[in-house]
Amino acid sequence: MKKILIALTAVMFIAAGCNQNPPQQNAVTIENTAPAGFDVNKLAQLVKTSTDPQTLEKGINDPKNQINNLDLDKDGNIDYLKVEENGPNKLNVVDDVSSADSVTVATIHIKPDSTSNTANLDVTGNPQYAGYNNYYHSSFSFTDFLLLSYLMRPHVYYMPMYHYGYYPSYYTRVHTYSNFRPTTSSAMSSRRSLSSPTRSQRSFGTRSSQPVRSGGFGSHSSSGRSGFGRSRGGFGRRR
């Protein structure tokens with residue numbers, strides 16, 4: 001009888017364990033096959049009319065411009081995208097997917113030519129998020145390119161203080177659009193196949209938070225992220 005009671009007790013404990021809910025998982029999965037949710041052509045037009053990276057960043061996150069429809073952290077809302085200046089005339093558009101991981105959504109490279117007073121603009125979108133129409137190239141005169149005034153003068157590289165969970169006061173959470181379709185443009189010089197990605201396309205990907213660089217015009221000085229982008233005095237908002 002004693003052996004029977006012990007056996008029944010063991011069965012009851014096993015059954016109770018099976019009925020318990022599994023622990024919640026907080027890990028964020030970044031999908032490599034997410035539908036196109038970023039408009040490279042609209043970004044290029046915004047680059048042309050922006051006066052500095054901060055203005056560009058604000059415009060990217062303005063729902064009225066419909067540049068961004070990415071929801072890589074899967075919370076149902078459009079992600080906040082930040083702009084990082086990572087070299088002379090070079091900008092990155094970055095999505096902090098979690099507190100530890102981020103992806104580069106697009107790169108912007110501006111090449112001024114003083115002999116012709118024009119500047120070439122190349123915008124390359126991450127094909128995983130920008131889709132098939134992920135490359136833009138065009139030329140503009142110096143007088144039509146407002147951002148050049150900022151880029152050509154000595155300055156400290158722009159690195160936003162914002163990060164995952166901490167955003168500027170102007171940012172409001174907006175649900176993703178079900179009918180979002182990136183536009184095409186006659187200025188797009190080529191369309192690159194996703195089945196045969198170029199070297200620059202393969203360079204895009206997930207990256208863990210690493211030290212970023214800032215410094216004077218044309219030079220870098222190391223600056224870690226440990227003190228950058230922290231919440232200050234309640235400014236900004238958390239999800």
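The following questions and answers concern salt bridges, buried residues and cavities in a predicted model.

Q: How many salt bridges does a search of the whole structure find?
A: A salt bridge requires a side-chain nitrogen of Lys or Arg within 4 Å of a carboxyl oxygen of Asp or Glu. Among the pairs that meet this criterion are Lys-82 with Glu-84 at 3.8 Å and Lys-111 with Asp-122 at 4.0 Å. Over the whole structure, the search finds three.

Q: Which residues are joined into one network by salt bridges that share partners?
A: Lys-82 forms a salt bridge with Asp-96, with the closest N and O atoms 2.9 Å apart. This pair links distant parts of the chain, since Lys-82 lies in strand β1 and Asp-96 in strand β2 (residues 90-96), 14 residues apart. The side chain of Lys-82 also meets that of Glu-84 in a salt bridge. Lys-111 and Asp-122 form a further salt bridge, and the network built from shared partners joins Lys-82, Glu-84 and Asp-96.

Q: Is Lys-82 buried or exposed?
A: The class follows from relative accessible area, for which buried means under 20% and exposed over 50%. Lys-82 has a relative accessibility of 3%, so Lys-82 is buried.

Q: Why does Lys-111 count as partly exposed, whereas Asp-122 counts as buried?
A: Lys-111 in strand β3 and Asp-122 in strand β4 (residues 118-125) are 11 residues apart. Asp-122 is buried because its relative accessibility is 11%, below the 20% limit. Lys-111 falls between the limits of 20% and 50%, because its relative accessible area is 40%.

Q: What is the distance from Glu-85 to the nearest side chain of opposite charge?
A: Glu-85 lies in strand β1 (residues 81-87) and is buried yet has no salt bridge. Its side chain makes a polar contact with the side chain of His-155 at 2.7 Å and reaches the backbone nitrogen of Tyr-158 at 2.9 Å. The nearest side chain of opposite charge belongs to Arg-153, and the distance is 9.3 Å.

Q: Which residue caps the N-terminal end of α2?
A: Helix α2 spans residues 40-49, and its buried residues include Val-40, Asn-41 and Leu-43. A side-chain oxygen lies 3.1 Å from the backbone nitrogen of Asn-41, and the capping residue that supplies this oxygen is Asp-39.

Q: How far apart in space are Thr-104 and Gly-125, C-alpha to C-alpha?
A: Thr-104 is found in strand β3 (residues 101-113) and counts as buried because its relative accessibility is 10%. In sequence, Thr-104 and Gly-125 are 21 residues apart; in space, their C-alpha separation is 8.6 Å.

Q: What is the volume of the largest cavity?
A: The structure holds two cavities of 30 Å³ or more. The lining of the largest one includes Ile-60, Asn-61, Asp-62, Tyr-171 and Val-174. By class, this lining has six nonpolar, four polar and two charged residues. The volume of the largest cavity is about 90 Å³.

Q: How many charged residues are in the lining of the second largest cavity?
A: The second largest cavity holds about 30 Å³ of space. Its lining includes Tyr-80, Lys-82, Val-94, Asp-96 and His-163, and Lys-82 and Asp-96 are also salt-bridge partners. By class, the lining has five nonpolar residues and one polar residue, and the number of charged residues is two.

How values were computed. Residues are numbered from 1 along each chain as its sequence is written. This is a predicted model: local features need pLDDT of at least 70, side-chain atom pairs count only at pLDDT 80 or more; totals for chains, interfaces and linings use all residues. Side-chain values use heavy atoms; hydrogens and water are left out. On a 1 Å grid over the protein atoms alone, a cavity is a set of points where a 1.4 Å probe fits but cannot get out, and a pocket is an open set with protein on both sides within 12 Å along at least five of seven lines; lining residues have an atom within 4 Å of a point. Grid points are joined across faces, edges and corners, and a volume is the space filled by probe spheres set on the points. Ala, Val, Leu, Ile, Met, Phe, Trp, Tyr, Cys and Pro count as nonpolar, Asp, Glu, Lys and Arg as charged, and the others, Gly among them, as polar. Helices (H or I, at least four residues) and strands (E, at least two) are DSSP runs, numbered from the N terminus. Buried means under 20% relative accessible area, exposed over 50%, partly exposed in between (1.4 Å probe, protein chains only). Lys and Arg count as positive and Asp and Glu as negative; His and the chain ends are not counted. A polar contact is a pair of N or O atoms within 3.5 Å; within protein, one must be able to donate a hydrogen and the other to accept it, and residues adjacent in sequence count only if both atoms are side-chain atoms.
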